[in-house]
Amino acid sequence: EVYYYNNLLQLGQQQANRALIAAQQTGDSVFIADAFNFLGLFSMNLGKNEEAVNYLSTGLGYTRSTNPRSGYLPLSEAYHLHGNLG
């Protein structure tokens, strides 16, 4: 998120890829959706719109199965990904 707001798009995309790998290793759908959301955002801002749509659409698939435990900070929820797709 820091990379996004500071317009460090390529570095942010690199870190979002690393976050996706870590999230997939944990199998946590909330973190996986969050990583796909940021991959979509960075791709969109780098002019890779088709790639962004794919990332955001894939992330939406993980939001359907999310039932965050108490204690989770608000991360990428379905409405975040829908808004970014819009």
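Okay, let's start with the empty space: the largest pocket here has a volume of about 200 Å³. Before I go on, keep in mind that this is a predicted model. So, who sits around that pocket? There are 12 lining residues, and the closest to the centre are Glu-1, Asn-37, Phe-38, Ser-76 and His-80. If you'd rather think in helices, the elements that give two or more residues to the lining are H1, which is residues 2–5, then H3, and H5, which is 78–85. Which of them gives the largest share? That's H3, with 4 residues. As for chemistry, the lining splits into 6 nonpolar, 4 polar and 2 charged residues.

Since H3 came up there, let me stay with it and go through its partners. Quick reminder: two packed helices are described by the angle between their axes and the distance between the axes.

Partner one is H2. H2 covers residues 9–26 and H3 covers 29–45, and they pack at an angle of about 160 degrees with their axes 9 Å apart. Angles over 145 degrees count as roughly antiparallel, so that's what we call H2 and H3. H2 passes H3 in a left-handed crossing. Who's touching whom? From H2 we have, among others, Leu-9, Ala-16, Leu-20 and Ala-23, and on the H3 side the list includes Phe-31, Phe-38, Leu-39 and Phe-42. By class, this contact has 12 nonpolar and 6 polar residues, and no charged ones.

Next up, H4, residues 49–63. The axes of H3 and H4 come within 8 Å and cross at roughly 165 degrees. So H3 and H4 are roughly antiparallel to each other too, and their crossing is left-handed. Here H3 brings residues including Ile-32, Phe-36, Gly-40 and Met-44, and they meet a set in H4 that includes Glu-51, Tyr-55, Leu-56 and Tyr-62. The class count for H3 with H4 is 9 nonpolar, 8 polar and 1 charged.

Last one: H5. Is H3 roughly parallel or roughly antiparallel to H5? Well, their axes come within 10 Å and cross at roughly 15 degrees, and that makes H3 roughly parallel to H5. H3 passes H5 in a left-handed crossing. The contact is made by Ala-33, Asn-37, Leu-41 and Met-44 from H3, with His-80, Leu-81 and Asn-84 from H5. That's 4 nonpolar and 3 polar residues, with no charged ones.

One thing to look for on the screen: Asn-37 and His-80 are both in that contact between H3 and H5, and they're also among the residues closest to the centre of the largest pocket. Asn-37 turns up in the contact of H3 with H4 as well. And Phe-38, another of those residues close to the pocket centre, is in the contact with H2.

That's it from me.

Conventions. Residues are numbered from 1 along each chain as its sequence is written. This is a predicted model: local features need pLDDT of at least 70, side-chain atom pairs count only at pLDDT 80 or more; totals for chains, interfaces and linings use all residues. Side-chain values use heavy atoms; hydrogens and water are left out. Axes are lines fitted to C-alpha atoms, for helices over the stretch in contact, and angles run from 0 to 180 degrees between N-to-C directions. Angles under 35 degrees count as roughly parallel, over 145 as roughly antiparallel, 65 to 115 as roughly perpendicular and the rest as oblique. A crossing is left-handed if the near helix is turned anticlockwise from the far one by less than a right angle, and right-handed if clockwise. Contact means heavy atoms within 4.5 Å. Ala, Val, Leu, Ile, Met, Phe, Trp, Tyr, Cys and Pro count as nonpolar, Asp, Glu, Lys and Arg as charged, and the others, Gly among them, as polar. On a 1 Å grid over the protein atoms alone, a cavity is a set of points where a 1.4 Å probe fits but cannot get out, and a pocket is an open set with protein on both sides within 12 Å along at least five of seven lines; lining residues have an atom within 4 Å of a point. Grid points are joined across faces, edges and corners, and a volume is the space filled by probe spheres set on the points.
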